[in-house]
Amino acid sequence: MQRIVFPKNFLWGVATSSYQIEGAWKEDGKGESIWDRFTHIPGKIANGDTGDVACDHYHLYREDVKLLKELGVKTYRLSISWPRVFPEGKGSPNKAGMEFYINLIKLLVDNGIKPAVTLYHWDLPQKLQDIGGWANKAVIDYYEQYAEYVFKELGSMVPIWITHNEPWVVSFEGNWQGVIAPGITDFSTALLVSHNLLVSHGRAVRLYRKMGFKGEIGITLNLVPMYPASQSEEDIEAAKRGDGFYNRWFLDPIFKGAYPSDMLEWYSQRVVVPEITREDLEIINTPIDFLGVNYYSSGHVKAEPGIWPLDAINVPTGRDKTDSGWEINPQGLYDLLVRLHKDYKGIKIMITENGAAFNDIINREGNIEDDCRLDYLYRHFVEAHRAIQDGVNLKGYYVWSFLDNFEWADGYTKRFGLVYVDYATQKRILKRSGRWYREVIKNNGF
Ligand code: FCB
C-alpha cells in the first residue's frame with residue numbers, strides 16, 4: 001500500500017470545548033451559562049443529561065494533559081467558558097476562573113503542546129441572554145471586553161486563537177430551530193445573531209492585532225459541501241441556495257466583505273433582514289491568519305417548493321452513517337478544501353474538527369476496538385492529504401474529540417472520543433482509534 005506522508009511540521013491535534021468536558025458548573029465563582037439554563041429544562045436534552053459534571057475535566061485536567069502527552073499531539077484545541085471568567089458576562093472578572101485556564105495553558109506549554117484557544121464555543125453567560133443575547137448589539141462590546149481580558153492573561157502563551165466556533169450552528173440551531181441553547185425559534189433573530197457574531201469576530205481580530213501579539217487568529221466555520229440531488233435546473237439552484245445558507249453566508253463577508261447577493265435577496269423577500277452597514281462589513285472583512293474548518297458530512301439537495309427556508313430538502317444517498325445519523329463522505333472533505341482554496345484565494349486552512357460518533361463497547365479485555373472510527377479518520381486523512389498534494393494550504397488537523405463528552409442535545413448518548421470516558425468512575429481508556437492516531441502523529445502519516 002502507498003505510504004501517505006504529511007508535510008513537515010503538520011499540526012496534528014485533538015479538540016474539545018469547555019461546556020462539553022469541564023463540569024464544575026457552579027464552582028469557584030463561575031456564573032450560569034445559557035447551556036446550564038437550557039440543560040436544566042426538562043425535555044431539552046436526551047435522557048435529561050446535563051454538563052454539570054461532564055468529564056470533570058475542571059478537576060482532572062492534570063491527568064488529561066498527561067493523556068494528551070501520551071497521545072503525542074502537537075496541539076490541543078480547547079475553549080474558554082466566558083461565564084467562568086466573567087460570571088455576569090461583563091464587569092469585573094472572576095480571578096479563580098481565569099486561574100484555571102492559566103494553569104491549564106501553562107501545563108500544556110510545559111509539555112510542548114501548542115494550545116489553540118476558542119473564545120466562544122457556545123456557552124454565553126445567561127445574564128447576557130437575559131438582555132437579548134447575540135441579538136443585542138451591546139453583547140458585541142461585552143465580547144470584546146471579555147476577549148481583551150483573556151488576550152491580556154493568556155496572549156503571550158497561546159499561539160493560535162479562534163474567535164468563534166460554528167456561528168451557523170449558534171445562529172440557526174440556537175435561534176431558529178431552537179434545538180440548542182438558547183432555544184429561540186425565530187428566523188429573523190437567527191439572521192441578526194449571525195450578523196452580530198460576525199461583527200464581534202472582526203472586532204476581536206482587530207483588538208488582537210492592536211494588542212501586538214505574535215500569534216495567529218482565525219474563525220471556525222462548520223462547512224457543508226452541497227451537491228444537487230439531480231442535474232435538473234431546480235435541484236442545481238436548490239443546492240446553490242443550500243451552499244449560500246450554510247457556507248457563503250459566512251465565508252463571503254469574512255473574505256470578500258459582502259454577503260452573497262442571492263441569499264440577501266432570498267431572505268429579504270421572506271423575513272426581516274438585519275441592518276448591515278458598510279462599517280460592519282469592513283470589520284467582518286478584517287484579514288485573518290487562517291480559516292478553521294469543521295467537517296462532518298455533505299448535503300444532497302432536492303428542490304421542494306414550500307419547505308422553509310430554502311424550498312429544498314436534503315435527501316439520503318445511501319452512504320454509511322455514523323451514530324449521529326450523518327452520512328460518511330470523505331470525498332466531500334476533499335471537494336470542500338479544493339473549493340475553499342479556489343474561491344477564497346489560497347487561504348491557510350486548519351481542520352479544527354473532524355470525527356465520528358460510534359457506539360463503543362468495552363470488550364472482555366477492557367479495550368475498545370473502534371474500527372469504525374479508525375476507518376472514518378483514515379479515509380478523511382487520505383482525502384486531506386490528497387487536497388494538500390493538489391495545492392491546498394492545509395496546515396493542521398484536529399480530531400473531534402479528545403474525550404467522549406457531552407454532545408449537546410444528544411447528551412452522553414453519542415461518543416466521539418479517541419479516549420473513552422466511563423462517566424460513573426471518570427476512568428479514561430485510550431481506544432484503538434486513539435492508539436492508531438498516536439502512530440499517525442509519530443510517523444507524520446501512515
Ligand atoms: C460540532 C461542535 C462540537 C461537537 C461536534 C460533534 O458541531 O462544534 O462541539 O459537538 O459538532
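Trainee: The largest cavity has a volume of about 60 Å³; why is this space called a cavity and not a pocket?

Mentor: The name applies because a cavity, on a 1 Å grid over the protein atoms alone, is a set of points where a 1.4 Å probe fits but cannot get out, whereas a pocket is an open set with protein on both sides within 12 Å along at least five of seven lines. The volume is the space filled by probe spheres set on the points, which are joined across faces, edges and corners. Note that this is a predicted model, in which local features need pLDDT of at least 70 and side-chain atom pairs count only at pLDDT 80 or more, while totals for chains, interfaces and linings use all residues. Residues are numbered from 1 along each chain as its sequence is written, and side-chain values use heavy atoms, with hydrogens and water left out.

Trainee: What makes a residue part of the lining, and which residues line the largest cavity?

Mentor: A lining residue has an atom within 4 Å of a point, and for the largest cavity the residues include S18, Y19, E22, W25, R84 and D123. By class, this lining has 2 nonpolar, 4 polar and 5 charged residues, where Ala, Val, Leu, Ile, Met, Phe, Trp, Tyr, Cys and Pro count as nonpolar, Asp, Glu, Lys and Arg as charged, and the others, Gly among them, as polar.

Trainee: How many charged residues line the second largest cavity?

Mentor: That lining has no charged residues, but 7 nonpolar and 4 polar ones, around about 50 Å³ of space. P182 is among the residues that line this cavity; a cis peptide bond with omega of about 5° joins A181 and P182, and P182 lies in the loop between helix 8 and helix 9 (187-210).

Trainee: How do you know that the ligand makes polar contacts with side chains, and which residues take part?

Mentor: A polar contact is a pair of N or O atoms within 3.5 Å. An oxygen atom of the ligand is 2.9 Å from an N or O atom in the side chain of H121, one is 2.5 Å from such an atom of E166, and one is 3.0 Å from such an atom of E353, so these pairs qualify as polar contacts. The protein covers 94% of the 290 Å² of accessible area that the ligand has on its own, by the Shrake-Rupley method with a 1.4 Å probe. E166 also has a positive phi of about 50° although it is not a glycine, and E166 is found in the loop between strand 4 (160-165) and helix 8.

Trainee: Which space does the ligand take, and what makes that count as sitting there?

Mentor: The ligand takes the space of the largest pocket, and a molecule sits in a pocket if more than half of its atoms lie within 2 Å of its grid points. About 1,200 Å³ of space lies in this pocket, which is lined by 49 residues, with W168, E173, V224, Y246 and W326 nearest its centre. Helix 8 (167-175), helix 10 (233-256), strand 8 (299-303) and strand 9 (312-314) each give two or more residues to the lining, and the largest share, 4 residues, comes from helix 10; these elements are DSSP runs numbered from the N terminus, helices being H or I of at least four residues and strands E of at least two.

How values were computed: Polar contact = N/O pair within 3.5 Å; in protein donor to acceptor, adjacent residues only side chain to side chain.
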